[in-house]
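The exercises below are meant to be worked through with the sequence and the structure in view. Each one sets a task and then goes through a solution step by step.

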Amino acid sequence: MAAMNMIQAINSAIDTTMERDENVVVFGEDVGYFGGVFRCTAGLQKKYGKKRVFDSPISEGGIMATAIGMGVYGLRPVTEIQFADYIYPAFDQLVSEAARLRYRSGGEFFAPLTVRSPCGGGIFGGQTHSQSPESMFTHVCGLKTVMPSNPYDAKGLLITAIEDDDPVVFFEPKRIYNGPFDGHHERPLTPWSKHAMGEVPEAYYKIPLGKAAIVRPGEKLTVITYGTMVHVCLAAVEQAQVDAEVIDLRSLLPLDLDTIVDSVKKTGRCVIVHEATRTCGFGAELMAVVQENCFWSLEAPIERVTGWDTPYPHALEWAYFPGPDRVAKALKKVAEA
Amino acid sequence: MSDGTTLPPLSLHIPEPKARPGEAPDFGEMHLSPAGAVQRPAATAPETDLRFYPYQLIRVLDDEHQALGDWDPKLDTQTLLKGLRYMMLTRAYDERMVLVQRQGKTSFYMKSTGEEAVAVAQAMALDRGDMLFPSYRQQGLLVARDWPLLDMMCQVLNNHRDRLKGRQLPVMYSARDAGFFSISGNLGTQFPQAVGWAMASALKGDTRIAAAWVGDGTTAEGDFHHALTFASVYQAPVLLNVVNNQWAISTFQGFAGGERATFAQRALGFGIPGMRVDGNDFLAVYAVTAWAAERARRNLGPTLIELVTYRAAPHSTSDDPSAYRPQTEAAQWPLGDPIDRLMRHLVACGHWNEARHQALTRELDDYVKAQLKEAESHGTLGTSKHSPDSMFEDVFKDVPIHLQRQRREMQEG
């Protein structure tokens with residue numbers, strides 16, 4: 001075991017898979033010599049050579065398309081889109097091509113690619129470095145969508161994603177790269193080295209996609225969340241003094257329905273939290289599955305806490321971000337309803 | 001039929017810059033046409049007569065600081081001094097705003113150091129009514145259009161006086177009254193939008209033209225090719241500028257295709273003129289821009305202009321170039337510094353001297369400091385609170401019902 005932050009854990013996941021499988025190749029903007037603007041691929045070109053870790057033109061559509069072609073040949077590409085906000089030029093290749101290739105060819109061809117992309121706000125990145133577009137991908141049949149909340153999960157999930165034979169969009173909440181940010185931006189950040197989930201095996205291990213984690217067991221209500229908001233929710237639970245069960249989905253698609261349903265049937269109350277905008281966000285799908293599966297167990301209306309339906313405003317970042325106060329208020333409201 | 005058994009196995013080419021940190025910068029393979037060597041064609045020349053230009057480098061100022069050849073725009077001294085002043089003001093502004101960022105008064109900044117001639121000379125060669133679609137490194141366009149520094153500073157500081165209401169990342173200006181389009185932050189999106197604006201101008205029988213800027217790296221984006229296709233098909237009155245500053249963050253221009261062809265050569269396949277110019281030569285940049293603008297105004301269609309320069313500064317305040325390129329590279333850039341070159345030309349012509357230059361440097365620095373003091377009196381990022389209510393405005397023309405509800409929810413805490 002070693003103390004790792006999320007950047008190091010992601011680096012270790014790629015390193016581990018590259019060592020085991022010579023068909024794993026890494027490319028994207030600035031990922032080669034420089035090792036990525038967030039340093040997630042640092043040292044990999046030096047270790048594996050520039051034929052396996054290389055820079056790409058600034059062309060997200062080109063990155064995604066060539067990754068599909070490489071995957072069709074038999075490689076296992078791990079690409080980086082520098083910010084999730086820049087993924088849209090690649091959208092057509094992901095939605096129309098990668099996601100449907102297996103289906104349209106009757107299984108003859110498939111695209112075993114992984115797209116890593118830093119997402120989320122809280123770093124004063126403005127509207128072009130802060131978005132959480134995960135629901136645009138969960139809506140596409142044929143794509144898997146993952147978002148880890150800590151270094152341990154990040155490594156295990158990324159290894160699984162890379163070895164998966166289907167395309168996986170792997171969103172990395174950049175606000176928690178260095179520590180479990182709980183939404184209290186006015187306080188210093190606790191580093192991952194002081195957190196249990198910052199203890200990461202150096203060796204190979206996998207965490208299955210579609211298996212949520214109960215990060216805090218509880219009886220009074222169920223909180224369903226993922227990414228940065230896991231830590232915000234834990235802080236809000238303390239603040240609200242509610243015995244909540246907090247579920248970290250880890251993978252949005254496939255979705256761990258059993259864990260969600262078991263928990264909500266037990267507690268009878270549910271709050272759903274994500275940083276992304278509200279309308280048609282992943283929370284809408286979560287509300288639907290809870291309603292479909294747990295209606296007769298619900299004792300209160302389900303609540304959502306999300307980013308507002310506006311672009312991410314630079315100066316008003318903390319008015320936008322769904323922080324612990326907003327989450328705590330929803331927890332109390334649902335607990336007392 | 002090839003006999004595969006006799007050939008060596010395939011191998012993939014991965015571009016590599018000439019020098020990395022710790023190595024000596026190497027610009028030996030850069031083809032530099034001597035100043036004055038490339039002839040200026042008539043602005044009405046057919047495209048078929050211009051196919052040689054993408055392989056050249058149009059230069060006016062020589063190493064002795066003389067203006068040579070028929071590309072010399074023969075600007076009067078007042079105009080040259082104005083250009084020098086705008087470039088120096090842009091640099092003084094950049095230097096000051098980086099300090100402001102380091103002091104924690106804003107989150108981010110991007111300098112244009114070494115590239116000032118591109119924006120300043122091009123803005124001066126265009127008409128005030130022409131529409132500009134910049135990337136994030138053409139602050140000199142605003143400076144050369146006499147846009148108030150105070151307004152720019154307030155945007156960077158995201159304070160009360162920021163017309164963009166604190167919504168945008170610093171330097172992502174928008175200045176409609178300056179004919180300066182809102183900067184996106186996403187790369188290259190403005191390039192085909194400029195073509196659309198130019199198409200509209202032509203559709204409506206207007207006289208105004210458009211100009212757009214991208215970096216060398218952004219030429220790899222699909223939007224670059226969309227722009228060239230539409231500009232060529234409709235012969236839109238637009239100047240499509242590629243600022244080849246050699247580096248896209250850590251990625252050298254070879255990863256955008258610069259190893260195989262010049263960026264100006266991209267024009268050939270679209271049947272539009274491609275001009276390649278020394279981007280640090282104020283006179284050459286001015287002349288080529290004026291030539292392309294005249295062509296566009298005569299309804300002779302678009303021009304792709306590659307401006308060869310060097311990004312002397314980090315990509316942004318979040319970047320550290322010492323990790324990927326030799327630290328001495330900027331100093332050894334063979335096309336020099338644009339301010340220094342114009343200054344020396346003016347001195348050589350007897351219109352300028354060291355004392356006046358130093359006095360102007362001080363004057364501009366004092367001016368920037370005074371403007372900054374005023375700007376900071378309106379607040380800085382974090383100390384200047386925009387009303388959170390304003391967050392819900394301008395998503396749509398009117399605030400729709402669901403956003404009214406969310407605003408109420410926010411107000412209730």
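## Exercise 1: the two domains of chain B

In this predicted model, chain B falls into two parts, domain 1 (47-382) and domain 2 (383-413). Describe how domain 1 and domain 2 of chain B are placed and how they touch.

Solution. Begin with the confidence of the prediction: the average pLDDT of chain B is 96, and 99% of the residues score at least 70. For the model, the scores are ipTM 0.95 and pTM 0.97.

Next, take the centres over C-alpha atoms, which for domain 1 of chain B and domain 2 of chain B are separated by 36 Å. The contact itself involves 11 residues of domain 1 of chain B and seven residues of domain 2 of chain B.

Finally, look at the area, since about 740 Å² is buried between domain 1 of chain B and domain 2 of chain B, with carbon and sulfur atoms giving 32% of that area. On the side of domain 1 of chain B, the three residues that supply more than any other three are B:Lys165, B:Arg167 and B:Gly382, which account for 60% of the area this domain buries against domain 2 of chain B.

## Exercise 2: the contact between the chains

Work out how many residues chain B and chain A each bring to their contact, and how much area they bury between them.

Solution. First count the residues on each side: 46 residues come from chain B, and 37 residues come from chain A.

Then turn to the area, which is about 3400 Å² between chain B and chain A, with 60% of it on carbon and sulfur atoms. Within the area that chain B buries against chain A, 17% is supplied by B:Ile14, B:Phe255 and B:Met391, more than any other three residues supply.

## Exercise 3: the second largest pocket

Which parts of chain B contribute at least three residues each to the lining of the second largest pocket, and which elements of chain A supply at least two?

Solution. Start with the space, about 830 Å³, that lies in the second largest pocket. Its lining is made of 34 residues, and those nearest the centre are A:Gln127, A:Gln131, A:Thr310, A:Pro311 and A:Tyr312.

In chain A, at least two residues of the lining come from each of α6 (134-138) and β13 (270-277), and β13(A) gives the largest share, three residues. In chain B, domain 1 (47-382) and domain 2 (383-413) each provide at least three residues.

Sorting the lining of this pocket by class then gives 14 nonpolar, 15 polar and five charged residues.

## Exercise 4: the cavities

How many cavities of 30 Å³ or more does a search of the whole structure find, and what lines the largest cavity and the second largest cavity?

Solution. The search finds four cavities at that cut-off.

The largest cavity holds about 70 Å³ of space and has a lining of 13 residues, with A:Ser132, A:Met147, A:Tyr226, A:Thr228 and A:Glu275 nearest its centre. Strand β13(A) gives the most to this lining, three residues, and the classes are six nonpolar, five polar and two charged.

The second largest cavity holds about 50 Å³ of space, and its lining includes B:Leu142, B:Trp147, B:Asp162 and B:Tyr173. Helix α4 (residues 149-157) of chain B contributes the largest share of this lining, three residues, while the division by class is six nonpolar, two polar and three charged residues.

Notes:
Residues numbered from 1 in each chain as written. Chains lettered and ligands numbered in written order. Predicted model: local features only at pLDDT ≥ 70, side-chain atom pairs only at ≥ 80, totals over all residues. Heavy atoms only, no water. 1 Å grid on protein atoms, 1.4 Å probe; cavity = no way out; pocket = protein on both sides within 12 Å on 5 of 7 lines; lining within 4 Å. Points joined across faces, edges and corners; volume = space filled by probe spheres on them. Helix = DSSP H or I, 4+ residues; strand = E, 2+ residues; numbered from the N terminus. Nonpolar A, V, L, I, M, F, W, Y, C, P; charged D, E, K, R; others polar. Domains from an automatic or database assignment. pLDDT = per-residue confidence, 0-100. Contact = heavy atoms within 4.5 Å. Buried area = accessible area lost by both parts, 1.4 Å probe.
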